[in-house]
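Visitor: I am new to this structure and would be grateful for a close look at a single part of it, the salt bridges. Please set them in the context of the chain as a whole.

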Amino acid sequence: MSGAPHDCLARNDWICGAYLSSRRQILLDAFLQHLQLTVVSVALGAVVAVPLALLARHRRWALGPVLGITTVLYTIPSLAMFSLLLPLYGLSATLVVVGLALYSLTLLVRNVLAGLEAVPEETREAARGMGYGPLRQLLTVELPLAVPAVVAGLRIATVSTVALATVGAIVGFGGLGNLIYAGMNSFFRAQVLTASVLCVLLAVGCDLVLLGVERLLTPWRRPRVRARAVRLATAAAAPAAVAPAAVRGRG
């Protein structure tokens with residue numbers, strides 16, 4: 001009478017330490033490819049999204065077409081998107097990167113535009129009064145104030161890209177998606193679960209990194225900094241409030 005196999009790989013368990021130890025390099029390579037696809041795609045999307053958002057903001061006739069086209073791109077199914085790009089880029093990583101970058105445009109353009117529109121008009125007028133030209137005003141005043149909205153768009157776009165990158169497995173460049181699809185075809189439980197968990201960890205890790213970047217770029221939003229600013233403003237206003245009272249007392 002034979003018992004169950006002692007090897008978790010032979011038993012095809014969902015959680016298997018032997019799989020992690022024997023496929024460590026394969027998992028690392030897939031993870032790094034997934035990370036590279038995500039970072040390059042979102043970076044490319046951001047490079048395209050910022051000029052589009054600036055065009056839509058300064059040329060109102062372009063607002064509708066820019067938002068409309070980027071929204072239509074986001075509605076195209078991923079398989080159809082890769083098929084449309086296939087004649088241009090072939091079966092390559094570039095095909096996946098361009099497709100993912102196009103998907104990120106909707107989120108990035110809208111958030112960059114929302115961040116720029118949220119800058120108070122009096123702030124722009126103050127910058128112009130100090131002699132700031134359009135470019136200097138954009139780089140030193142408007143974009144820094146738009147950072148929270150821009151980073152929010154980057155966070156959503158990055159997490160979405162981590163998920164969509166798995167579809168790149170259909171052309172052989174899906175990072176962890178390659179392992180997920182191969183594991184599903186062979187019903188290799190440990191591979192499917194491990195690759196899926198790594199995808200989740202990658203998405204959470206990227207989101208936390210971007211959140212940290214936002215905190216570094218927006219120190220005025222931290223509770224301690226805001227509290228200190230309030231104390232300084234109160235201290236500065238106190239002499240102005242005391243002075244009239246003293247004058248009245250002497251009178």
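Guide: A salt bridge is here a side-chain nitrogen of Lys or Arg within 4 Å of a carboxyl oxygen of Asp or Glu. Side chains of opposite charge can pair when their charged atoms come close. The model under discussion is a predicted one, and by this criterion the structure holds six salt bridges.

It is helpful to begin with the setting. The chain contains 11 helices and zero strands, so the order of elements from the N terminus reads α-α-α-α-α-α-α-α-α-α-α. Of its 251 residues, 36% count as buried. Among contacts with a separation of 6 or more, 69% are between residues 24 or more positions apart.

The salt bridges may now be taken in turn. In one of them, the side chains of Arg-124 and Glu-142 meet with an N to O distance of 2.8 Å. This pair links distant parts of the chain, since Arg-124 belongs to helix α7 (residues 121–129) and Glu-142 to helix α8 (residues 134–164), 18 residues apart. Are these two partners buried or exposed? Arg-124 has a relative accessible area of 7%, and because the limit for a buried residue is under 20%, Arg-124 is buried. Glu-142 is likewise buried, with a relative accessible area of 3%.

Another salt bridge joins the side chains of Arg-128 and Glu-121, at 3.0 Å from N to O. Here the surroundings are described by other values: Arg-128 is partly exposed, with a relative accessible area of 43%, and Glu-121 is partly exposed as well, at 38%.

A further salt bridge is formed by the side chains of Arg-155 and Asp-207, 2.8 Å apart from N to O. This pair too links distant parts of the chain, with Arg-155 in helix α8 and Asp-207 in helix α10, 52 residues apart. Arg-155 counts as partly exposed, because its relative accessibility is 23%. Beyond the individual pairs, salt bridges that share partners join Arg-57, Glu-121, Arg-124, Arg-128 and Glu-142 into one network.

Helix α10, the home of Asp-207, deserves a further word. This helix covers residues 189–217 and includes Thr-194. Thr-194 counts as buried, since its relative accessibility is 15%. Leaving out residues up to four places away in sequence, Thr-194 touches Tyr-19, Leu-20 and Leu-27. Two cysteines may be added to the account of buried residues: Cys-199 counts as buried at 10% relative accessibility, and Cys-206 counts as buried at 13%. As for covalent links between cysteines, the structure holds zero disulfides.

The loop between α9 (176–186) and α10 contains Phe-187. The phi angle of Phe-187 is near 55°, a positive value in a residue other than glycine. Phe-187 is partly exposed, with a relative accessible area of 48%.

Helix α8, which holds Arg-155 and Glu-142, also has a part in the lining of a cavity. The structure holds one cavity of 30 Å³ or more, and the volume of the largest cavity is about 30 Å³. Which residues line the largest cavity? They are Tyr-74, Leu-100, Tyr-103, Ser-104, Leu-107, Ala-157, Ser-160, Thr-161 and Leu-164. Both α6 (93–117) and α8 supply at least two residues each to this lining. By character, the lining residues of the largest cavity divide into six nonpolar, three polar and no charged.

One more residue may complete the tour. Leu-86 is placed in helix α5 (residues 78–89) and counts as partly exposed, at 35% relative accessibility. Apart from its neighbours within four places in sequence, Leu-86 is in contact with Leu-91 and Leu-95. The C-alpha atoms of Leu-86 and Val-171 are separated by 9.5 Å, while the two residues are 85 residues apart along the chain.

To return to the part requested: the structure holds six salt bridges, among them the pair of Arg-124 and Glu-142, the pair of Arg-128 and Glu-121, and the pair of Arg-155 and Asp-207.

Methods
Residues are numbered from 1 along each chain as its sequence is written. This is a predicted model: local features need pLDDT of at least 70, side-chain atom pairs count only at pLDDT 80 or more; totals for chains, interfaces and linings use all residues. Side-chain values use heavy atoms; hydrogens and water are left out. Helices (H or I, at least four residues) and strands (E, at least two) are DSSP runs, numbered from the N terminus. Buried means under 20% relative accessible area, exposed over 50%, partly exposed in between (1.4 Å probe, protein chains only). Contact means heavy atoms within 4.5 Å. A disulfide is a pair of cysteine sulfur atoms within 2.5 Å. On a 1 Å grid over the protein atoms alone, a cavity is a set of points where a 1.4 Å probe fits but cannot get out, and a pocket is an open set with protein on both sides within 12 Å along at least five of seven lines; lining residues have an atom within 4 Å of a point. Grid points are joined across faces, edges and corners, and a volume is the space filled by probe spheres set on the points. Ala, Val, Leu, Ile, Met, Phe, Trp, Tyr, Cys and Pro count as nonpolar, Asp, Glu, Lys and Arg as charged, and the others, Gly among them, as polar.
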